[in-house]
Amino acid sequence: MAISNYDKLIWCLPLRDGGVTKPFNSKTHIGVDFGWVDEAYTNIYPIQDGKVVDIFYSNSCGYSVVVQHDYDDGTHRWSAYIHLKNSALNYVKIGSAVKQAETVIGIRGNTGASNGIHLHIYVSDTTTKPYNWNLMKSLCTFDIMPYFYLTKKFTYSLAKADGYNLITRPFIEDVEIKYPQPVKRDENKHQVDIEHPNKWLRLRAAPNGSIYSEYCQNGIYDVLDSKYAGSYNWYKIAVIDNREFWVAFHTNWATDLPAYNPQETIAKLEKEVSELNSKIANAIKELN
């Protein structure tokens, strides 16, 4: 699934701790180096959801992995994670789908032309062209640090050293997300009346998917889609800014309000009348 345009410049830091040991420079250093950690061989995660498009080793980069991030306007960008401790094939494969801040894509290391354990990360500008390494590096034209956000998925241990003060970055949840609001009953639509007794029904991005920070308000919502997963029926109750909002349906939490279908009602009555006429005809036949 493509990432919305709204999310094109919202990235999670690629590791749980550390600080910038070498910042971006358009002429001498087109990526950013992360070091300064007690536990140097720490996990590395993708900055956004995406898919792995390259896993390689070179004398300069050492073990490396590249992730492509697709957007709903048809463009994409690449992020590359350099100087890994060992091959990313220990964790992912080319074509693997990876989740922001969740999927381990490698371990920070010191392979290739590296002078200490650190992560060097490249992030390209957007393009519609197919991936190749030289094109990706040619599109690394801007300082990526202002676009990183801390996320509550991680507990960061930030390095106390000269460089960027990462702790000033806002939480990704602080980025405004519009949440679904109750609507009026419309008998022409399939709707659900959510009446959770504790008012804590969670909103999710997909059935059994990631949880939004806000709860679902009690009230009536349109049902846009339904799926069964994890022992629950799930209803999609809204799509806002390309974000899906799903709730788990349970009869103790909500009332299903199917769309009124007069033709269906007529067909049911006609069937009942037909069955009754058949019974009457059989009874008359027996009497004769």
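The following exchange examines how certain terms apply to this predicted model.

Me: On what basis are residues numbered and local features accepted here?
Reply: Residues are numbered from 1 along each chain as its sequence is written, and side-chain values use heavy atoms, with hydrogens and water left out. As the model is predicted, local features need pLDDT of at least 70 and side-chain atom pairs count only at pLDDT 80 or more, whereas totals for chains, interfaces and linings use all residues.

Me: Why is His83 called buried?
Reply: The relative accessible area of His83 is 6%. Buried means under 20% relative accessible area, exposed over 50%, and partly exposed in between, with a 1.4 Å probe and protein chains only. His83 therefore counts as buried. This residue is found in strand β7, and its phi is positive, about 70°, although His83 is not a glycine.

Me: What makes Ser231 exposed?
Reply: Ser231 has a relative accessible area of 60%, so it falls in the exposed class. Ser231 is found in the loop between β17 (225–229) and β18 (232–240); its phi, near 70°, is likewise a positive value in a residue other than glycine.

Me: Why does Val183 count as partly exposed?
Reply: Because its relative accessibility is 38%, Val183 belongs to the intermediate class, partly exposed. Val183 lies in the loop between β12 (157–158) and β13. Its C-alpha atom is separated by 5.7 Å from that of Tyr221, 38 residues apart along the chain.

Me: What makes a set of residues a nonpolar core, and which members of the largest one touch the most others?
Reply: A nonpolar core is a set of buried Ala, Val, Leu, Ile, Met, Phe, Trp, Tyr and Cys residues joined through side-chain atoms within 4.5 Å. The largest core has 32 residues, of which Phe34, Tyr81 and Ile121 touch the most other members. Strands supplying at least two residues each include β3 (32–35), β7 (76–84) and β10 (119–123), and β10 gives the most, with three residues. A second, separate core of 22 residues includes Ala229, Phe245, Val247 and Phe249.

Me: How do you know that β10 is mostly covered?
Reply: Five of its five residues are buried. Leu119, Ile121 and Val123 point one way from the strand, and His120 and Tyr122 the other way. Strands here are DSSP runs (E, at least two residues), numbered from the N terminus as are helices (H or I, at least four).

Me: What makes β10 a partner of β3 and of β7?
Reply: Two strands pair if DSSP finds at least two bridges between them. β3 and β10 have three bridges, while β7 and β10 have four, so both pairs satisfy the definition. Each pairing is antiparallel. Phe34 stands opposite Leu119, and Ile82 opposite His120.

Me: Why are β16 (219–222) and β20 (254–257) called edge strands?
Reply: Each pairs on one side only. The open sheet has the order β16-β13-β20, with antiparallel pairing. Four bridges join β13 (residues 191–194) to β16, and Val192 stands opposite Tyr221 in β16.

Me: How do the lining residues of the second largest pocket divide by class?
Reply: They divide into four nonpolar, six polar and two charged. Ala, Val, Leu, Ile, Met, Phe, Trp, Tyr, Cys and Pro count as nonpolar, Asp, Glu, Lys and Arg as charged, and the others, Gly among them, as polar. The lining includes Cys61, Ile82, Ala113 and Tyr122, and also Lys22 and Asp33. By the class definition, Lys22 and Asp33 are therefore charged.

Technical notes
On a 1 Å grid over the protein atoms alone, a cavity is a set of points where a 1.4 Å probe fits but cannot get out, and a pocket is an open set with protein on both sides within 12 Å along at least five of seven lines; lining residues have an atom within 4 Å of a point.
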